[in-house]
Amino acid sequence: MYLADYHVHSRVSPDASASMQEMAEAAIRLGFQEICFTDHVEPIRFGTTEPREAYDWAPMTAEFHAARAAVGDRITLRLGAELGDAVWGIGRMEAMLAEAPPLDFLIGSIHTLSEKMEGRDLYFLTPRDEQEARACLADYLGQVRKLAEWGRFQVLGHLTLPLRYLNENRGMHVSFDGFEEEIAEIFRIIIPKGIGIELNTNRGNTPLPDEKWLRLYRSLGGEIVTLGTDAHTPGFVGCAVREGQALLRACGFRRFAAFRQGKPVWHEL
């Protein structure tokens, strides 16, 4: 079994504190063959919708080179980025990418609602009831669709992310049931572009997305899937990746993707 974690944050991200070397050593202890660092890069300042005009790539590249020197050939390290909320400044995002070092992999993701919803951060959502929660889900999918139409990334990250915060953090019991057509349309946008999705193992909680949406993606011809933990600490590196592989097999997938220089490298499930 080939084990790869393709969503790992280090202290280069504003919400993490471990070094890339520490994250890599955790993966080595678990017997992983590969990890990809995907620290946050956004056209807005983290936790706000305030525009960011530039991104300093130097800390990321220095951290990566140090980690690679430390671990040697004990594990394959890839350098990527999680492009968050690009729809809040596509021009700025593209300008940042033009200054980027060579990257193996890019995740496209949404963490904030639209301007209509005052750019509310998903982490802090506190809807009064299920009706308001579903209005937030609808707005979120609208942002995801805009991101999919832009499409300057390899996979769409944690598609059902709001459920992490609404259900796990707020104790609600909402789902994306009823949004089948909206999600199918997102898949119909990305699949012809060669863009995949991430099976985010959500640190051992409900996968993002879960079985229903993985099966829908597969039924529409989707094939490219990466597995990532969204680990922000060494303790979550590799969490539930084996279970994620089993879920993909159950949903009809026979292989998953890693990436090198933006191109998929396939591994059998």
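**Legends to the close-up views**

**Figure 1. The surface and overall build of the predicted model.** About 11,300 Å² of the protein is exposed, and carbon and sulfur atoms supply 48% of that area. The structure shown is a predicted model, and in it the C-alpha trace spans about 50 × 45 × 35 Å along the principal axes. The secondary structure comes to eight helices and nine strands. The radius of gyration is 17 Å, close to the 18 Å that the globule rule gives for 269 residues, and the protein is therefore as compact as a globular protein of that length.

**Figure 2. Burial, contacts and charge across the protein.** Of the 269 residues in the protein, 55% are buried, where buried means that a residue has under 20% relative accessible area. Among the contacts with a separation of 6 or more, 75% are between residues that lie 24 or more positions apart. The protein carries 29 positive and 38 negative side chains, and the centres of these two sets lie 4 Å apart.

**Figure 3. The open sheet and its edges.** Seven strands, in the order E1-E2-E3-E4-E5-E6-E7, form an open sheet in which the pairing is parallel. Strand E1 (4-8) and strand E7 (225-228) stand at the edges, and because each has a single partner strand, one side of each is left without a neighbour in the sheet. The partnership of E1 with strand E2 (residues 34-41) is parallel and rests on three bridges, and Ala4 has Glu34 of E2 as its bridge partner.

**Figure 4. Strand E3 between its two partners.** Strand E3 (residues 76-84) pairs with E4 in the parallel sense over five bridges, while eight bridges join E2 to E3, again with the strands running parallel. Gly80 can be followed into both pairings, for this residue of E3 is the bridge partner of Thr38 and also stands opposite Phe105 in E4. E3 is mostly covered, with eight of its nine residues buried.

**Figure 5. The enclosed strand E4.** All five of the five residues in strand E4 (residues 105-109) are buried, so the strand is largely enclosed by the rest of the structure. Which residues point each way from E4? Phe105, Ile107 and Ser109 point one way, whereas Leu106 and Gly108 point the other way, and the residues of both groups are buried.

How values were computed
Residues are numbered from 1 along each chain as its sequence is written. This is a predicted model: local features need pLDDT of at least 70, side-chain atom pairs count only at pLDDT 80 or more; totals for chains, interfaces and linings use all residues. Side-chain values use heavy atoms; hydrogens and water are left out. Two strands pair if DSSP finds at least two bridges between them. Helices (H or I, at least four residues) and strands (E, at least two) are DSSP runs, numbered from the N terminus. The radius of gyration is taken over C-alpha atoms; the globule rule is 2.2 Å times the number of residues to the power 0.38. Buried means under 20% relative accessible area, exposed over 50%, partly exposed in between (1.4 Å probe, protein chains only). Contact means heavy atoms within 4.5 Å. Accessible areas come from the Shrake-Rupley method with a 1.4 Å probe; for residues, only the protein chains shown count as cover. Lys and Arg count as positive and Asp and Glu as negative; His and the chain ends are not counted. The place of a charge is taken as NZ of Lys, CZ of Arg, CG of Asp or CD of Glu.
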